[in-house]
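Visitor: Please show me how to read a model like this one, feature by feature. I know my way around the bench, so keep it informal.

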Amino acid sequence: MSSPHTAPYYFVPGPSRWPLAAGISMLCTMAGASGWVNGAAWGPGVCTAGIVAMLIVLYNWFGDAIGESESGKYGERIDLSYRWSMSWFIFSEVMFFGAFFGALFYARTISMPWLSDLDHKIIWPDYSGHWGNVGPAGTVEQFSTMGPFPIPTINTALLLSSGVTLTIAHHALRAGHRARTALFLFATILLGAIFMGFQAYEYHHAYTELNLKLSSGIYGSTFFMLTGFHGFHVTMGAIMLSVVLYRVLRGHFTPEHHFGFEGAAWYWHFVDVVWLGLYVVVYWL
């Protein structure tokens, strides 16, 4: 990547077909998903086609951006624009998870004590306002709650360790040690993959042994929405880091200019912080 001082003052890209293609792909994905959950025969096919189309769009769109960067077209203003864009994107993710944490807090801390103060005959007999495996009037099957040991604690150690390996990789890149950067980036991705493997096992354990499902009342819905969306973000972060690793091996990035690496690292550290909140609020409290 060329120095931003030698690049044009502000690069203005030409017309692109990728935003329109991305919009159509997302429309197909969501329309197919809606049809799928409602039992439409065409739903799975349309949803799958939309996802595949989106992956193709992202591959080409990001490829164009990488090519522009490596050809020296990006200057200081573009670098600053990317940094602000990634910052606002992460802020939107903070608000996204904040909504789910807020729903959990409202249900557990406000709604249940308030309902406990009402005449139980209005709700159902023997209502105790207990947070956990007691369903309303038998409408939810009995289930066991998920504790912090052993898998959630192991996953916490894995993600914290991945934050350390990613930081080592970043320092190695800034020092010009490309092989060390690639090694610790690979270690970070591997730790993320192991995390997802443990989470898949945890979900299987929840459904088959604890009878804890997405339909298990407010506890089940908040548990799976929070942990599921976090797992999705871990997966996306691992894909981003895999792309960065590929670029490192191709000789991209310099010790001075490597925001592609930094942006993915910001995202990964954000995912780590969200998990710490999940670990305390969902598994311990």
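Visitor: Let's start with one side chain: is Arg83 buried, partly exposed or exposed?

Guide: Burial goes by relative accessible area: under 20% is buried, over 50% is exposed, and partly exposed is in between (1.4 Å probe, protein chains only). Arg83 counts as partly exposed, at 24% relative accessibility. Before we go on, this is a predicted model, so local features need pLDDT of at least 70 and side-chain atom pairs pLDDT 80 or more, while totals for chains, interfaces and linings use all residues. Residues are numbered from 1 along each chain as its sequence is written, and side-chain values use heavy atoms, with hydrogens and water left out.

Visitor: Which side chains does Arg83 pair with in salt bridges?

Guide: Side chains of opposite charge can pair when their charged atoms come close. The cut-off for a salt bridge is a side-chain nitrogen of Lys or Arg within 4 Å of a carboxyl oxygen of Asp or Glu. Arg83 sits in a network of salt bridges together with Asp79 and Glu262. With Asp79, the closest N and O atoms are 2.8 Å apart; with Glu262, the N to O distance is 2.7 Å. That second pair ties together parts 179 residues apart in sequence, because Glu262 lies in helix α8 (residues 259-284) and Arg83 in helix α3.

Visitor: And how far apart along helix α3 are Asp79 and Arg83?

Guide: They are four residues apart in helix α3, so about one helical turn separates them. As for burial, Asp79 is partly exposed at 31%, whereas Glu262 counts as buried at 14% relative accessibility.

Visitor: How many salt bridges does the structure hold?

Guide: Three. One of them joins Arg247 to Glu70, with 3.2 Å between the closest N and O atoms. This pair links distant parts of the chain, 177 residues apart: Arg247 is in helix α7 (residues 217-249) and Glu70 in helix α2 (residues 43-70). Arg247 is buried at 9% relative accessibility, while Glu70 is partly exposed at 26%.

Visitor: Which secondary structure elements make up the protein?

Guide: Helices (H or I, at least four residues) and strands (E, at least two) are DSSP runs, numbered from the N terminus. Here you get eight helices and zero strands. The C-alpha trace spans about 75 × 40 × 30 Å along its principal axes, and 38% of the 285 residues count as buried.

Visitor: What share of contacts joins residues at least 24 apart?

Guide: A contact means heavy atoms within 4.5 Å. Taking contacts between residues at least 6 apart in sequence, 73% join residues at least 24 apart. For a single case, look at Cys28 in helix α1 (residues 18-37). Setting aside residues up to four places away in sequence, Cys28 touches Val46, Cys47 and Gly50. Cys28 and Gly50 are 22 residues apart in sequence, and their C-alpha atoms are 4.9 Å apart in space.

Visitor: Back to charges: how far from Glu93 is the nearest side chain of opposite charge?

Guide: For the count, Lys and Arg are positive and Asp and Glu negative, with His and the chain ends left out. Glu93, in helix α3 (residues 76-116), is buried yet has no salt bridge, and the nearest side chain of opposite charge, Arg83, is 18 Å away.

Visitor: What does the side chain of Glu93 make a polar contact with?

Guide: A polar contact is a pair of N or O atoms within 3.5 Å; within protein, one must be able to donate a hydrogen and the other to accept it, and residues adjacent in sequence count only if both atoms are side-chain atoms. Glu93 makes one with the side chain of His233, at 2.6 Å. Beyond its neighbours within four places in sequence, Glu93 is in contact with His233, Tyr267 and Phe270.

Visitor: Where does His258 lie?

Guide: In the loop between α7 and α8. His258 is buried, at 5%, and its side chain reaches the backbone oxygen of Pro255 at 3.3 Å. Leaving out neighbours within four places in sequence, the contacts of His258 are His170, Leu173, Arg174 and Phe253.
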